[in-house]
Amino acid sequence: MFGFLIICLLAKHSQASTDTTLEGWQFDDNSRSTWTIVWTCFSTILACTWTVLRVDVPPRSWSAIKRNSAKIFLWLLTVLCPEVMAWGAVVEMFAARSIAVSCNSAQALMDEPKDESQGQPVRTWSITQGYCVKMGGLALQTQDHWLYTVTPRNILAFIQAGVITCSDFHDDDIQDRAKVDALGMVFTIFQSLWAMCNIVTRAAYSLSISPLELGTVAYVACGIFLYGFWWNKPKDMATTINIPLRYSRDDIPEEIRRNMDASPQGWVHLRGLPSEKIPPPALKDSSGRVTFFFADGPARFPSPSESSAIRLSHGRKALTAVFATFIALSFSGIHVAGWNFIFPTEVERTAWRIFTLIAISSSFTPLIVAQGPLIAVWLAGKKLLPLCMKSLGDPNSPVTILEIVLADGSLYLYFIARFGTLALMLSSLRALPADSYITPDWLSSIPHI
């Protein structure tokens, strides 16, 4: 937050003290051209969105084209709305931790008597293993080569039936199937540091900063959030970890089959060919909930009536809203630093201010509307909820029309503001302040020894 304030003050100072003379496209300048600005910003945005993206394990029935198109789809969503993907990363982080805790509790009931008699330590589920279950990376393989994908909705039943234990697969097995792009990560770090140093240096020398460069800093900040919240999530895990069963599909015991029949779409044959009839990922599922990832439906917490290993208190659920609100405000708030930037026309300058304010308010409103009841329930449990808000603290109360209108209306306004700021970033390149093409000689400012 302090870094954001410093950027705002520096950017405001630099823009207020520069010449208002505008120059068009510069391609042959020996110091800094328009192409230099565009290439530096776009390569940084690409690095901060593509290399940090960690998708779930795609279904085995998907072809290579569908897998790549799904990842490109999520990458485009990250480019357009990186804070939305960061929100999903927060949800996944809490969900993975909850899965690990629930699985440890279930396995402790199964292993405690045996391990105490044998004097052996009890292995525990890790957060990485929780991610593996959440992202659809764990499957059961029958003797006749059928695979069944395990989900948080049935993992506890399989543990209680003695089918799965955390000893069946380790973190090393998960990382062995993941892909660590070391070169891409180094490039991302370099580009991010270069973008931040460029902003600070130009502000220190009172040189103009283009809106595209300022927007790039917002992507860097959101990329840091994504990388931090996805720290324990395997990257690009293409295949599942298969745990062998000693049964064929027709001989599975009734207690195990009952859990599998609840989600029959989890079955796929090991030798089956990829199908082209599988639809691509959608923005919403059949119930109208927004989806962000491949496995286990939407990036959300299950309701109390659902059987799932994801179980969080209302306080933890409210904490996700706090993280999501902070991310959204940080990303949208950085654009406010361009409040006094020089645009080709006064209309564009006014539009920039309006779009940034709309982005802040519209990214803040739906989170409060959606997570406000959770916070109210948590306050009611602490006996801190005012009597006038008693109905809001009822977890069984239905969603009101006002909440739907505010959430959907804010979402549409946010997309309008995001596309508006992106358009202004690109359109402003046609006429930038003259000193935008000056490269500061920052090496000369270092004291010579």
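Helix 2 and helix 3 sit oblique to each other, because their angle falls outside the named ranges (under 35 degrees is roughly parallel, over 145 roughly antiparallel, 65 to 115 roughly perpendicular, and the rest oblique). The axes of helix 2 (residues 34-50) and helix 3 (residues 64-80) come within 9 Å and cross at roughly 120 degrees. Axes here are lines fitted to C-alpha atoms, for helices over the stretch in contact, with angles running from 0 to 180 degrees between N-to-C directions. Helices themselves are DSSP runs (H or I, at least four residues), numbered from the N terminus.

This is a predicted model, where local features need pLDDT of at least 70 and side-chain atom pairs count only at pLDDT 80 or more, while totals for chains, interfaces and linings use all residues. Residues are numbered from 1 along each chain as its sequence is written, and side-chain values use heavy atoms, with hydrogens and water left out.

**Helix 2 and its partners**

The crossing of helix 2 and helix 3 is right-handed, meaning the near helix is turned clockwise from the far one by less than a right angle (anticlockwise would be left-handed). On the helix 2 side, Leu46, Thr49 and Trp50 make the contact (heavy atoms within 4.5 Å), and helix 3 answers with Lys71, Ile72, Trp75, Thr78 and Val79. By class that's five nonpolar, two polar and one charged residues; Ala, Val, Leu, Ile, Met, Phe, Trp, Tyr, Cys and Pro count as nonpolar, Asp, Glu, Lys and Arg as charged, and the others, Gly among them, as polar.

Helix 2 also packs against helix 8 (residues 182-204), and the two are oblique. Thr40, Ser43, Thr44, Ala47 and Cys48 of helix 2 meet Phe187, Thr188, Gln191, Ser192, Trp194 and Ala195 of helix 8. With helix 9 (residues 211-229) there's another packing, and this time the pair is roughly parallel. Among the helix 2 residues in that contact are Ile37, Phe42 and Ile45, and helix 9 brings in Leu212, Glu213, Thr216, Tyr219, Val220 and Gly223.

| Pair | Crossing angle | Handedness | Residue classes in contact |
|---|---|---|---|
| Helix 2 and helix 8 | about 135 degrees | left-handed | five nonpolar, six polar, no charged |
| Helix 2 and helix 9 | roughly 15 degrees | left-handed | nine nonpolar, four polar, one charged |

**The core**

The largest nonpolar core has 81 residues; such a core is a set of buried Ala, Val, Leu, Ile, Met, Phe, Trp, Tyr and Cys residues joined through side-chain atoms within 4.5 Å. Helix 4 (residues 82-118) gives the most to this core, with 13 residues. Ile164 is among the residues with the most contacts inside the core. Leaving out residues up to four places away in sequence, Ile164 touches Trp125, Leu138, Leu140, Val150, Ile155, Phe158, Ile159 and Ile243.

**Buried and less buried spots**

Helix 5 (residues 127-134) is mostly covered, with seven of its eight residues buried (under 20% relative accessible area; exposed is over 50% and partly exposed in between, using a 1.4 Å probe and protein chains only). Gly136 follows helix 5 and has a positive phi, near 75 degrees.

Arg418 lies in helix 13 (residues 401-427) and counts as buried, at 3% relative accessibility. Its contacts, again not counting residues up to four places away in sequence, are Val79, Leu80, Pro82, Glu83, Tyr219, Phe331 and His335.

Ala161, in the loop between helix 6 (155-160) and helix 7 (171-177), is partly exposed at 28% relative accessible area. Ala161 and Glu255 are 94 residues apart in sequence but 7.7 Å apart in space, C-alpha to C-alpha.
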